[in-house]
Amino acid sequence: MQTPPSVFAPQDRPAGALPAVVAGSRSEHALRWLFGAALLLRLLFPFYDSPLSHLFSDPGRHWENGQRFLNPTFMGSGDPYLYQVFVWLLIQIKGNAAAVIPTGVGLLCAAMPYGWYRALKELLPKNWALCGAILLALAPDMLGIYAYFMNETLLLSLSGFAFWATFRAQRKRTVAAFVLACALWLAAGFTRTVALPMGLLCLLSIWLPQPRRLLKAVLGLALLLLVMIPAGLHARANLGFFAPFGNPYLQQVYQVSGDKVIDIDLGPKGRYVFGSPSFYNPSFYPFSDWLTARDGTASITVDVSQGRAGWIAEKKRMAQIRTFPQWRGYWENFVYLSFAQSWPDNDRGSLSGWLSVWTRWLWFPLALAVAAGAARGGCRGREWLLPLCGLGVFLYLMVQQQGVMEARYRKPLDPIFLAAAVVMTYRLTRRSPSAVPAPAPAMAEAIPATDTH
């Protein structure tokens, strides 16, 4: 009796890997090289356009804050704490500043897409995570800002790692993973307060459904106090009150006044005059020269020896004499957040600045696409944190009246929207009919055994 070998015996396969595996391996290899090249580009970018060559206005102030971190000026006490620590640490490194500073900033610049790669890798296959990270690495407005001393640079780099630590903690469910996520979100929050609502949402998503909540809460509170106390004392040195996240009143007074310029007389602490970049750079360039209808100067006098009292009194006074309509404030928030030029990285004399100005038109449609994808259920499980954080903070910035809106404040949301779009695109491809594998062909019926004798 003989049974045909083609029925029950495994089919012969060619030696080596299957064609699909080979193709996947090659594409991953190419993507890894492309991502490495993008990281190298970002590492070298500050040598091409060094922050040391742009020490004016806000970038110059942040550099001075780092230089005088241990003996802060009034503005140093009023600015967020952690970026000052970063610049101060760079200054402490011995060597030629023209090499040390660009190296430190270059490492920060390269860390931004790498952190997001780690975050996306928690959610997606490696090839998709690499594609998303490459897009983030090459986005002009996430590159050009690193030519300036601005705290958004540190926040952009921290936020990717913070989301990675969040997704990792959801997977591992350990105390150590929670502490790491908590530490990174606290660092982001003390760099810019816009990260605080995102951090709170992400940490709650870890803390609430997991065990050992009391221990995690105690450790999180200890980390908070570890950063909050020195930050608050640093601010108190010149402000006269405990302000761990910086001076909240200067921007509030400016916004409430409805004026174009604010003139602050602090007596022995000096005098400062500010005008928001939103009011001087056409929001709809190159299609329109529209600028705000705000005019005039809000002149205030604050005695810092009175602590908060002087700021609160001037805020009430400005609100009483305001003539700029309230509804226009909301409209301008939307315009600046969605379409305006991000300053100072909008210098059209540089390639990165020119590209940032033109590609800014992509970000609001991307936010709308993420909102539409979220409404249609384009995410699942922990992926929902990306659209929830991005869209939630976008709406908050649009309606807030605590400060004058600038396009730069949108910058931390751009990588979140891009990452969310990559995740939703992956989910869409998995749902498409072409992505569903064809059913395997039915096994041929066994040929009845025959007597060979």
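This is a short dialogue on reading helices, burial and surface patches in a predicted model.

Q: What kind of model is this, and how are its residues numbered?
A: Residues count from 1 along each chain as its sequence is written. The model is predicted, so local features need pLDDT of at least 70 and side-chain atom pairs pLDDT 80 or more, while totals for chains, interfaces and linings use all residues, and side-chain values use heavy atoms, without hydrogens or water.

Q: What span should helix 14 have?
A: Helices are DSSP runs (H or I, at least four residues), numbered from the N terminus. The expected span is 1.5 Å times one less than the number of residues. For the 13 residues of helix 14 (residues 326-338) this gives 18 Å, and the end C-alpha atoms are 19 Å apart, which agrees.

Q: Which elements do the buried residues of helix 14 pack against?
A: Buried means under 20% relative accessible area, exposed over 50%, and partly exposed in between (1.4 Å probe, protein chains only). Gly329, Glu332 and Tyr336 are among the buried residues of helix 14. The buried residues pack against helix 16 (363-375) and helix 17 (385-399).

Q: Is valine 175 buried or exposed?
A: Valine 175, in helix 9 (residues 175-189), is buried, because its relative accessible area is 16%.

Q: What does valine 175 touch beyond its neighbours within four places in sequence?
A: Contact means heavy atoms within 4.5 Å. Valine 175 is in contact with Arg212, Leu215, Lys216 and Leu219.

Q: How does tryptophan 354 count in terms of accessibility?
A: Tryptophan 354 lies in helix 15 and counts as partly exposed because its relative accessibility is 41%.

Conventions. Helices (H or I, at least four residues) and strands (E, at least two) are DSSP runs, numbered from the N terminus.
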